[in-house]
There are 2 protein chains.
Amino acid sequence: MEGGGPVVMPSRVVASRVPAVPAVPAVRKRGRPTADERRAREAQILAVALRVFLASGFGGATIDEVAAVAKVTKRTLYAYFGDKDALFVAMIKDLAVGVSLDAATDHGTLEALAANIIVRVHSEELVGLHRLVIAESVRFPELPRILYTHGDARHIARLAEHIRAERGTEHEALAEPLFSLLLGERHRRRLLGLTPPPTPAQAAEHAEWALGVLGLARRR
Amino acid sequence: MEGGGPVVMPSRVVASRVPAVPAVPAVRKRGRPTADERRAREAQILAVALRVFLASGFGGATIDEVAAVAKVTKRTLYAYFGDKDALFVAMIKDLAVGVSLDAATDHGTLEALAANIIVRVHSEELVGLHRLVIAESVRFPELPRILYTHGDARHIARLAEHIRAERGTEHEALAEPLFSLLLGERHRRRLLGLTPPPTPAQAAEHAEWALGVLGLARRR
DNA sequence: CTAGAATGACACTACATCGTCTCATTATCG
DNA sequence: CGATAATGAGACGATGTAGTGTCATTCTAG
């Protein structure tokens, strides 16, 4: 547990929903920008790139579209990120870090954590990210590890912490199978686009069930 | 070597990253083929397409490479399958059916079946197929359902049959969570290319463990 | 206030690749 | 034994897109 993690600039506005990016000031002015403007523009490009890549995949997405939606010219985009590959990698890394930060903000019982994890891993954002990384794992072999380290691994670690604190050290090893049970077939179907994400109520119910199956139900 | 005639540099050397093309009878003869030859050629194209698509993904794979490796001309390939999309869909469907047939040939105890399933779902072929379908699920929305129906769904159904026959009807509902536990985090990591497939011994051991966790160990 | 950094606008090059077309050739089928 | 279907060979057109060059313009930095 790297307790004091690196200070990450919260420049990225977590695009909770994909539909639109109206939160962008659409400032298309010329001339040399201030340092703040530059950071904002970079974050904006990354957010738009996420949307476009999620919608069309790496191959289907075009730089022109990213530039157009982000309200910058290709010239600027290339000045910031070099090329399409670098933009893609930067976008994935940025998002993975954001996911990691999100995951670090939970508190509560093991039951609540479990339900929370179920909801999170089924979210449009994480599922889409997973699909993208799987699809391009041949071209970008470093991305799967980044995603896993910041995603599943953190979830499992947090489950382990709670199990140890609330159920005893001897059950800590159940964190990983618990995670598998929490996701279950539903998540596999979700990755394939066959099932919608569960409601919070469904997630809570499933979490209770999974904890019961593994002998981790409250009060023992 | 190329002393006399005009040295024509091949505009692009087909980068066959495709591993070991199966002994393809390089019989590249002209003329009208017999019905058997036609069927064989079609199967050959599908087999080659699988390897090429697995190696490069849908976007990365080129028709030229498929045609070259399959030892047919693009002309023939298009005559058989119409276009790249149709070839891709035909290839996936063909493979899914094959997978389904494989899954129908198991017999033995629940323990053996479980271990067998673990090995199978971690195989290069199925993992690659999964990646392809996930990657192109936006472009080809019908493929995920085909894959799931012929893959996971059959595995779960077979587990349910064995549970009912060997453990009693009351435990049949555990087939799905059992499947999730059998795959576990290892399969998620495998999909991301982070872990090699398990050995048969590891699979058997993990199967025993999973059955035990769910109270499905032999002789309850 | 000045220098020059950064950008918009956008034409333009380079290149890959899908899918078609032409022609000669071969073998099957009626 | 023709008529013709099917193929090999490979050029070719059409299309899309990554990435660059150029020039004027705007505005920060110092």
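This report covers aromatic ring pairs, charges over rings and internal cavities in a predicted model.

**Aromatic pairs**

A pair of aromatic rings is described by the distance of the centres and the angle of the planes. Over all chains, a search of the whole structure finds 12 aromatic pairs. One of them joins Phe58(A) and Phe140(A). Their centres lie 5.5 Å apart, with 75° between the planes, and the pair is edge-to-face. The contact links distant parts of chain A. Phe58(A) belongs to helix α1 (residues 35-60), whereas Phe140(A) sits in the loop between α6 (124-135) and α7 (142-150). In sequence the two are 82 residues apart.

Are these two rings buried or exposed? Phe58(A) has a relative accessibility of 4%, so it counts as buried, the cut-off being under 20%. Phe140(A) is also buried, with a relative accessible area of 4%.

Chain B offers a pair of Phe88(B) and Phe140(B). Here the centres are 5.1 Å apart and the planes meet at 35°, so the pair is tilted. Phe88(B) lies in helix α4 (residues 84-103) of chain B. Phe140(B) lies in the loop between α6 (124-135) and α7 (142-150) of that chain. The pair therefore ties together parts that are 52 residues apart in sequence. Both Phe88(B) and Phe140(B) are buried.

Back in chain A, ring pairs build a cluster. Its members are Phe53(A), Phe58(A), Phe88(A) and Phe140(A).

**Charges over rings**

Phe58(A), a member of that cluster, also has a lysine over its face. In chain B, an arginine lies over the face of a tyrosine. The table gives both contacts.

| Charged residue | Ring | Distance from ring centre |
|---|---|---|
| Lys84(A) | Phe58(A) | 4.7 Å |
| Arg38(B) | Tyr80(B) | 4.4 Å |

**Cavities**

Rolling a probe the size of a water molecule over the atoms shows where empty space is left. The whole structure holds seven cavities of 30 Å³ or more. The largest cavity contains about 220 Å³ of space.

Which residues lie nearest the centre of the largest cavity? They are His187(A), Arg188(A), Gly184(B), His187(B) and Arg188(B), out of 19 lining residues. Both chains contribute to this lining: α6 and α9 (175-191) of chain A and α6 and α9 (175-191) of chain B each give two or more residues. The largest share comes from α9(B), with seven residues. By class, the lining has eight nonpolar, eight polar and three charged residues.

Key:
Residues are numbered from 1 along each chain as its sequence is written. Chains are lettered from A and ligands numbered from 1 in the order in which they are written. This is a predicted model: local features need pLDDT of at least 70, side-chain atom pairs count only at pLDDT 80 or more; totals for chains, interfaces and linings use all residues. Side-chain values use heavy atoms; hydrogens and water are left out. Rings of Phe, Tyr and Trp (its six-membered ring) pair if their centres lie within 6.5 Å; planes under 30 degrees apart count as stacked, over 60 as edge-to-face and the rest as tilted. Helices (H or I, at least four residues) and strands (E, at least two) are DSSP runs, numbered from the N terminus. Buried means under 20% relative accessible area, exposed over 50%, partly exposed in between (1.4 Å probe, protein chains only). A charge sits over a ring if NZ of Lys or CZ of Arg is within 6 Å of the ring centre and within 35 degrees of the ring normal. On a 1 Å grid over the protein atoms alone, a cavity is a set of points where a 1.4 Å probe fits but cannot get out, and a pocket is an open set with protein on both sides within 12 Å along at least five of seven lines; lining residues have an atom within 4 Å of a point. Grid points are joined across faces, edges and corners, and a volume is the space filled by probe spheres set on the points. Ala, Val, Leu, Ile, Met, Phe, Trp, Tyr, Cys and Pro count as nonpolar, Asp, Glu, Lys and Arg as charged, and the others, Gly among them, as polar.
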